[in-house]
Amino acid sequence: MQEAFQLLANGIVIGSVIAVAAVGLSLVFGVLGLINVAHGDFLTLGAFTALVFVGLGLPLYVAAVPAIAAGALAMGGLEKVLWKPMRDRGTSNVNLLIISIGLALVLRHVIFWIFGARVQRFGPVSERIDFGLFALTPQDIIIVVGSAIALIGTGLMLQKTRIGTAMRALSDNKDLAEASGINVSRVILYTWVIAGALTAYGGVLLGLQGRLFPNMGWFLLLLIFAGVILGGIGSAYGAMIGSLIIGVAQEMATHSIIGLPADLKTAVAFLVLILVLLVRPQGIFGRRKAI
Amino acid sequence: MIAYFQTVLITAGIFALLAQGLNLHRGYTGLLNFGHVAFFAIGSYTMAIMIVTFEFGLLISFIAAMLAATIFGIVVALPAIRLRTDYLAIVTITIGEIFRLVIQSGPGVTELTRGPRGIRGYSNEFFFLREDLGLGFLDPQMYLLVIVWAAVIVVGLLLFLLLRSPWGRVLKGIREDEDAMRALGKNVTSYKIQSFAIGAAIAGLAGVLFAMDIGSLSPVAYLPLITFQAWTIMMLGGMGTHLGPIIGSIIFWSIFNGTLFIPDSIVTGAEAAYLRQIGVGALIMLIIIVRPQGILGSREEMVLDK
Amino acid sequence: MQLSFGGLKAVDGATLEVEPGKITALIGPNGAGKTSLFNVVTGFYKADGGAISFDGGSIMGRRPHSIAKRGLVRTFQLTKSLGRMSVLENMMVAAPGQAGEKVFAAWVVPWMINRQEKENHRKAIELLELFNLIDKKDDYAATLSGGQRKLLELARALMMEPKMILLDEPMAGINPTLGARLLEHVGELRDRGMTFVLVEHDMDVVMRVSEHVIVMANGKVITQGSADEVRQNQEVIDAYLGTGGGAVDEALDEVFEEDARG
Amino acid sequence: MAEANGPNEAREAEEPKEAGTLLLEARDLLSGYVPEVDIVRGCDVEVAAGELVSVIGPNGAGKSTLIKSLFGLVPVRGGTIYFEENEVTRFPTHRLVEAGIGYVPQTENVFPTLTVEENLEMGAYLRPKVIQERYEELFEWFPILAERRSQRAGTMSGGQRQLVALARALMLQPSLLLLDEPSAGLSPANVDVIFDRIQLINSKGVAILMVEQNAKRALAMSDRGYVLEMGQNRFTGPGEELLNDPKVADLYLGGRAKG
């Protein structure tokens, strides 16, 4: 029993990180219909930007600020110089997806080039605190709380602000949004900026787990996809829940009753992804319309 | 210098095969397969396991490898081709990764694949064979090069015959408009599966040759990067063209391996490796941005593409 | 040829028969379920109930390609030309019973394929000449004008040697000269014993070419008969002009969504 | 064939705006979705301030395409469009919204996952300051929406969705409202409601140009009507006159009246 609770807790921790990243991916997909394969590498970008500032002697919570800014700037900038011009030229979504694969390779290996392949840390990870049924490090707790704050903030932004409503309107019906006088290109730009900020922040949280390496975001990417698809692609709220489920499912798969080796736990999440796409492509919480 | 060209041409040949399979999927049938590396790996591993663990001969093992890749192609295709194109891309990427994780640490499976430690010692018979084939005058590398390019040419010819036959015409029709083809009485599902299976078999063949080239197998050799490289090659040469994958592969690997000549005083070996990957990524983006039809593809077809 | 359905929202219990060797027109206001009916008959949509038989056998629940193979061929409202294939290839691909469509046949029995290809090529050229598309035979189909694509689609359907052709708005967006030519072909083919059903908006055309007119509204057949009979029918006038009270059904919401056009 | 003249004398009394000035004028409009296939082939349309004008015609006559062309949603290949005496041909849609044109598409005319209030808010995206005061007036015109202000539009019935769509298009107080088959797919009772509200909106001084399938009802309430056939004007005249013209009825059933 103890083991199950511990795995559940671990699952929630990793699920929280996935959720923050998944919401960003989902926002972009909802508004643009673009599957951005480079998304995971923006997590890495956020983590390593924070690492640079930690290296300068700043505390992590301060270093997170330029990291988030870097994510927002990078995604927003790419919308300006890459995605929008390509869309205006009528490039198909499939070709945009292929571009994002190229972008992923470039981004990741630039980070490799600058920082090398070795694993780095923000700082020492503290001892686990025993909560009886499970034990977590203080960093784990910061991850869960930090993720919750970001998710609630995003939820409020989507629900209560004009730009958030416009984003939802755009993913509902782009033509009608245009016909209502919404400045569609600006809303798209904001969507990228917000997604970039969230994703970089997710990267900082991921780094808090202890290990920073240039492949960290890429390794998480398929789990992020799994979370997004499970929740119903394009639905931001679905992405949050789907990610938590994915996080917990993959940890639980290593429970001694199931007995899967830890290396294989991501394969379980991937399997979930494939099954969901085949059986219920609109996701568990998605509307059929969203496909 | 000769060694450099040998290395380039062997790798280029193997990847030309991979790209030929991919070209059948994407260029002619319109299927977005991003899990090509799985079929590649199946070829390598079936070959090695048959020889090392079960002690079969080269020929039987080779046939088994091709067969395994084909069957796996059908198994993947059956559910996957019902999906929308971009979902198919995600599912195939994921299948590739699952496959790699399973050969690396799948319970029971690792007894055959030996997990991260990998398999070696399967290629002796292949190289001994060179005397019997009357190719004894070639050194092993040259011999491998000849075999690889013989395979590329044979596969290229067979594909050429196949694709300009009515069968290939149906595939192109499916790429253009599935519903129109249904209305013309063609069983679209069946053709997509056939296309998937044949492309997978070619990837399996590439996997066998790759195994012979590297001499020892381990899961890290089968990262999704392999798939992306094959895609780059296919797009560089020109999708939906017969010679595109071959020409694309030679150019790609000449550039890629050319970076080996950059002296260490400028970049270290590790840095050069990263630079090469950056090059692959940049090349993918550049092709789509500057010349989406590739070197041999027709601009007009690209423009007419919806 | 008896078609009847039940349960499908768009096509709500329509029952109709099509006589062989005639041109039957299917008319009705937007959202009457005409295109949905075509989709159900040709297997592109699944019907929830009812029966469809064609040429003495049931085709209910069969997949589109198998229905097409039996000789019931359709065209589409928005033409589906195979854009990045030549006009000639568009024709050749449609020929039925090609041995070369089997995988590996090209490696095993190339002579058989060659023989068939020659024969199909001859047929294709003949049809392209008939449809005045011969000058375009090596052009990509995507470069044809809208009207030429409609002609190509009909010619391509004829390559299949069908028994019956369903034409979904053959005259939409096509210039009058090409339209007249298309209708001429349809008339000639009918004289040679082929059966046609057409959905058409241009009532002039309907009245001129069709021997039998079926009027649909709200997924049901409201009346049928000769062109003149139908024209006099008060129900038909109401269906087209609106009744003032409206006979439109709430359940039709979905139909409007998929069938909506100007 | 009657020439287009101003709105009915009888209606003039209720017009708060000065009626008769030309609001929208389109000349020789040529447009279509795909290159080379013109759906609208040389149409002329005029709408005066405060007028209610219907466009009717058989299926496939190009009615919807016409209205979409006016609103910049279908590429215009020829002709000119003036709005309030400025040329607006090929203006992007959002500039037409700014200029004072509202549009309700035939289908998918609400944001389904947004609440009623949010739908309306999006209608006033260009001028968020007016939202509160517009709510008041529109909720007065459509009381049912006030009751359901926090319901998601996608969960509402077809008729209610149509009301949401109308209200959204009215948020910026347009001087011209373009409606694409507002009665399409509605039950008879809902059709009554929608037509009644359209007349109410018009009586408040908003000019309306609507495309309708239900030709009888549309003409009965319109100041003027255009009958389209094959993308061209066929008949033009006061609604009542067209309604009683046997040639119009004939047109629907193919007895092409010559002259």
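How many residue pairs, both at pLDDT 80 or more, are in polar contact between chain B and chain C? The count is twelve. That number comes from a predicted model, and it makes a handy way into the story of how chain B deals with its neighbours.

Start with the elements on that side of chain B. Those giving two or more residues to the side that touches chain C are α7 (140-163), α8 (166-176), α9 (178-183), α10 (188-214) and α14 (299-304) of chain B. Of these, α8(B) gives the most, with eight residues. Sorted by class, the side of chain B that touches chain C has 13 nonpolar, seven polar and eleven charged residues. In full, the contact takes 31 residues from chain B and 34 residues from chain C.

The size of an interface is often given as the accessible area lost when the parts come together. Put that way, chain B and chain C bury about 3000 Å² between them, with carbon and sulfur atoms giving 63% of it. Charge has a part here too. Side chains of opposite charge can pair when their charged atoms come close. Across the interface of chain B and chain C, five salt bridges turn up. One of the residue pairs joined by a salt bridge is C:Glu117 with B:Arg169, whose closest N and O atoms are 2.9 Å apart.

Now turn to chain A, the other partner of interest. Of the four pairs of chains in contact, chains A and B share the most contacts. Here 44 residues of chain B are in contact with 42 residues of chain A. The area buried between chain B and chain A is about 3700 Å², and carbon and sulfur atoms give 82% of that. Within chain B, the residues that lose the most area to chain A are B:Tyr87, B:Ile90 and B:Tyr274, which together make up 17% of what that side buries.

What about charge and polarity at this interface? Between chain B and chain A there are zero salt bridges, and two residue pairs (both at pLDDT 80 or more) are in polar contact. The elements that give two or more residues to the side of chain B that touches chain A are α3 (58-80), α4 (85-105), α11 (224-237) and α13 (269-290) of chain B. The largest share, 15 residues, comes from α4(B). By class, the residues on this side of chain B divide into 30 nonpolar, seven polar and seven charged.

Some chains skip each other. No contact joins chain A and chain C, and their closest C-alpha atoms lie 13 Å apart. Likewise, chain B and chain D have no contact, with closest C-alpha atoms 12 Å apart.

Next comes the empty space. Rolling a probe the size of a water molecule over the atoms shows where empty space is left. The second largest pocket holds about 1400 Å³ of space. Its lining has 43 residues, and A:Arg211, A:Phe213, A:Met216, A:Phe219 and A:Thr266 lie nearest the centre of the pocket. Chain A and chain B both help to build this lining: at least two residues each come from α1 (2-32), α4 (93-115), α9 (216-231), α10 (236-252) and α11 (265-279) of chain A, and from α4, α11 and α13 of chain B. The largest share, six residues, belongs to α9(A). By class, the lining of the second largest pocket divides into 23 nonpolar, ten polar and ten charged residues.

Closed-off spaces exist as well. Over the whole structure, a search finds eleven cavities of 30 Å³ or more, and the largest cavity has a volume of about 80 Å³. Residues lining the largest cavity include A:Ala179 and A:Ser180 from chain A, along with D:Val97, D:Tyr103 and D:Arg168 from chain D. Two or more residues of this lining come from each of β6 (101-104) and α7 (158-170) of chain D, and β6(D) gives the most, with three residues. The lining of the largest cavity divides into seven nonpolar, three polar and one charged.

Finally, back to salt bridges. Over all chains, the search finds 33 salt bridges. One of the pairs is C:Lys163 with C:Asp55, whose closest N and O atoms are 2.9 Å apart. This pair links distant parts of the chain, 108 residues apart: C:Lys163 sits in the loop between α6 (146-159) and β7 (164-168) of chain C, while C:Asp55 sits in the loop between β4 (50-54) and β5 (57-58) of chain C.

Definitions and conventions
Residues are numbered from 1 along each chain as its sequence is written. Chains are lettered from A and ligands numbered from 1 in the order in which they are written. This is a predicted model: local features need pLDDT of at least 70, side-chain atom pairs count only at pLDDT 80 or more; totals for chains, interfaces and linings use all residues. Side-chain values use heavy atoms; hydrogens and water are left out. Contact means heavy atoms within 4.5 Å. Buried area is the accessible area (1.4 Å probe) that two parts lose on being put together, summed over both. A salt bridge is a side-chain nitrogen of Lys or Arg within 4 Å of a carboxyl oxygen of Asp or Glu. A polar contact is a pair of N or O atoms within 3.5 Å; within protein, one must be able to donate a hydrogen and the other to accept it, and residues adjacent in sequence count only if both atoms are side-chain atoms. Helices (H or I, at least four residues) and strands (E, at least two) are DSSP runs, numbered from the N terminus. Ala, Val, Leu, Ile, Met, Phe, Trp, Tyr, Cys and Pro count as nonpolar, Asp, Glu, Lys and Arg as charged, and the others, Gly among them, as polar. On a 1 Å grid over the protein atoms alone, a cavity is a set of points where a 1.4 Å probe fits but cannot get out, and a pocket is an open set with protein on both sides within 12 Å along at least five of seven lines; lining residues have an atom within 4 Å of a point. Grid points are joined across faces, edges and corners, and a volume is the space filled by probe spheres set on the points.
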